[in-house]
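I open this notebook to record what I looked up, entry by entry, with the coordinates at hand.

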Amino acid sequence: MHSQLLPSARLLPFRSRATLPGRVCHYLLFTSLAAGCVAFLAGDSKGAEPGWKAGVSRAVITPEQPVWLAGYGSKRAPDGKLHDLWMKALALEDPQGRRVVLITSDFQGVPKKMSDPVFARIREQYALERSQVMFTFSHNHCGPRLGDDLIDYYPVEAEQEKLVDEYTTQMIDKVVVLVGAALERLAPASLQMGTGRATFAVNRRNNREADVPMLLEQGAPLVGPVDHSVPVLTVTRPEGKLEAILFGYACHPTTLSFMTWCGDYPGFAQQELEEKHPGATAMFVNTCGGDQNPLPRRTVALCEKYGHMLAAGVEEVLAQPLAPVSEGIKTAFEYVDLPYLKVMSRDDLLAASKETNAIKARWGERLLKKLDAGERFEEAYPYPVHAWQLGREMLIIGMGAETVVDYALRFKEEFGAGTWVCGYTDDMISYIPSRRVWEEGGYEGGSNLYEYGRPALRWNGDIEERISAVVRRLVAQVRD
Ligand SMILES: [Zn+2]
């Protein structure tokens, strides 16, 4: 499959483009002019904060066995692939030797039962604490099932359970090796950042999918909060080689719902950027896209189009002067207990097990067995929250699960320019509604926790306040 590349970019290799007038190492131009030193343009990279070290690694994760595709609440056996699925890691080290590792992946949902052993082994093998590692997943719905993520979504077939277990175990091993490889490759680099824009994400709570094509055609406004920003971080070697491009967007990778492996729009965007910048690794994080969909959707052509729109948003940033990120790493991590509104009783589960909704019936039956085995359900769920301060300029807030867009808008407003708010970090859990979305109810805010296997139907109404209090505390810790 070809993505739609700009002709000029396709014709020119990276080195040639870098010598074009007006495109000479933009970050050098920026820092040089800021320093009032035009002679700097000759190519010296001293102005670009050389105190960082960075290492990048990548691994193919496309299943070799017929593990089903994840999401959409049904059995989805794979029928081939458009392109490979990837897991990638970026390790950073500051001059004091403090380190962080960001993992990005084309997974739909990484469950706690998978990420907890990963964090334990990373601590043991590389002496990295939980606060130093974020394990993100794009929420790609053309990616494979993992562990007990969305366990009640799928009919139970013994052979499939075995394949999912085996694949999950392989992936735990693979991510640990991946992190080790990124750490081994730590070498001098500079970091720069900027923000672009892409407009295909639509608030799916406020615009009916069927209406969107007509509204777009009429030029009518789509409604509801969105976050169309495309945050970009680049990693460049001292000699000028672009090593990595990390970028984000707030939108579900649900353009496609067929049975073919691919990375959905983030997969196409990463592929296009890597073709345009040979030798560079493109990495994607889903920011807070819990209530955002790429609309209209359902065709490969639309998926490629959105991938291209996102890549073009990144390219616009790369074509402008980027802002250097000064050296320094500070990290903080905490679990917030998110209380359920009401934990299910035996009677509730018995009623659920008799429902015609297959997911709810499987959920009720499975949890009843747990009760019969003497298990007691927790009243709350441990929700992971990270804060990383990189230099003076960049703050990354990493939040578990499917955060709705209100969280990104709120924290970017509160903490200012240079703030990234990443959802889909460490643990899939469920939707995480804001107070507004919780009050409104509906799919992301209402009684749908059973879909994720939780022992309740709804979160307590105050979870935004609980999460925000912890985010504020962690940010204060990393910024003091
Ligand atoms: Zn989702």
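Before the entries, I fix one term: I call a residue buried when its relative accessible area is under 20%, and exposed when that area is over 50%. I also keep in mind throughout that this is a predicted model.

**Entry: cysteines**

I began with Cys 251, which has 0% relative accessibility and therefore counts as buried. I then looked at Cys 422, which takes part in no disulfide, the nearest cysteine sulfur being that of Cys 288 at 7.7 Å. Since a disulfide requires two cysteine sulfur atoms within 2.5 Å, I was not surprised by that result. Cys 422 has a relative accessible area of 2%, so I put it down as buried. My search of the whole structure for disulfides returned 0.

**Entry: zinc site**

Which atoms coordinate the zinc ion? I found NE2 of His 139, NE2 of His 252 and two OE donors of Glu 402, at 2.1 to 2.7 Å from the zinc ion. Along the chain, these donors follow the spacing H-x112-H-x149-E. The two histidines, 113 residues apart, link distant parts of the chain: His 139 sits in the loop between strand 4 (133-135) and helix 5 (158-184), while His 252 sits in the loop between strand 8 (242-249) and helix 7 (264-276).

Why is the arrangement around the zinc ion irregular? The 4 donor atoms subtend angles of 51 to 144°, whereas four donors count as tetrahedral only if all angles lie between 85 and 135 degrees. I noted the accessibility of both histidines as well: His 139 is buried at a relative accessible area of 1%, and His 252 is buried at 2%.

**Entry: Ser 138**

I moved to Ser 138, which lies in the loop between strand 4 and helix 5. At 1% relative accessibility, Ser 138 counts as buried. I computed its C-alpha to C-alpha distance to Pro 253 as 7.2 Å, although the two are 115 residues apart in sequence. Leaving aside neighbours within four places in sequence, I list among the contacts of Ser 138 the residues Ser 105, Asp 106, Phe 107, Pro 253 and Phe 284. The side chain of Ser 138 also reaches the backbone nitrogen of Asn 140, at 3.2 Å.

**Entry: Gln 132**

I placed Gln 132 in the loop between helix 4 (112-126) and strand 4. Is Gln 132 buried or exposed? With a relative accessible area of 14%, Gln 132 is buried. A polar atom of its side chain lies 2.7 Å from the backbone nitrogen of Glu 129. Setting aside neighbours within four places in sequence, I find Gln 132 in contact with residues including Arg 99, Val 100, Val 101, Thr 331 and Trp 388.

**Entry: helix 10**

Last, I traced helix 10 (residues 358-372), whose 15 residues reach 21 Å from the first C-alpha to the last, close to the 21 Å expected at 1.5 Å a residue. At its N-terminal end, Asn 357 acts as a cap, with a side-chain oxygen 3.0 Å from the backbone nitrogen of Ile 359. Ile 359 is itself among the buried residues of helix 10, which also include Lys 360, Trp 363, Gly 364 and Leu 367. What covers these buried residues includes helix 9 (346-353). Just after helix 10, I recorded a positive phi of about 95° at Gly 374.

Technical notes
Residues numbered from 1 in each chain as written. Predicted model: local features only at pLDDT ≥ 70, side-chain atom pairs only at ≥ 80, totals over all residues. Heavy atoms only, no water. Donors = N, O, S within 2.8 Å, 3.2 Å for Na, K, Ca; no water. Tetrahedral: all angles 85-135°; square planar, octahedral: opposite > 155°, others 65-115°. Helix = DSSP H or I, 4+ residues; strand = E, 2+ residues; numbered from the N terminus. Buried < 20%, exposed > 50% of the residue type's maximum accessible area, 1.4 Å probe, protein only. Expected span 1.5 Å × (residues − 1). Contact = heavy atoms within 4.5 Å. Polar contact = N/O pair within 3.5 Å; in protein donor to acceptor, adjacent residues only side chain to side chain.
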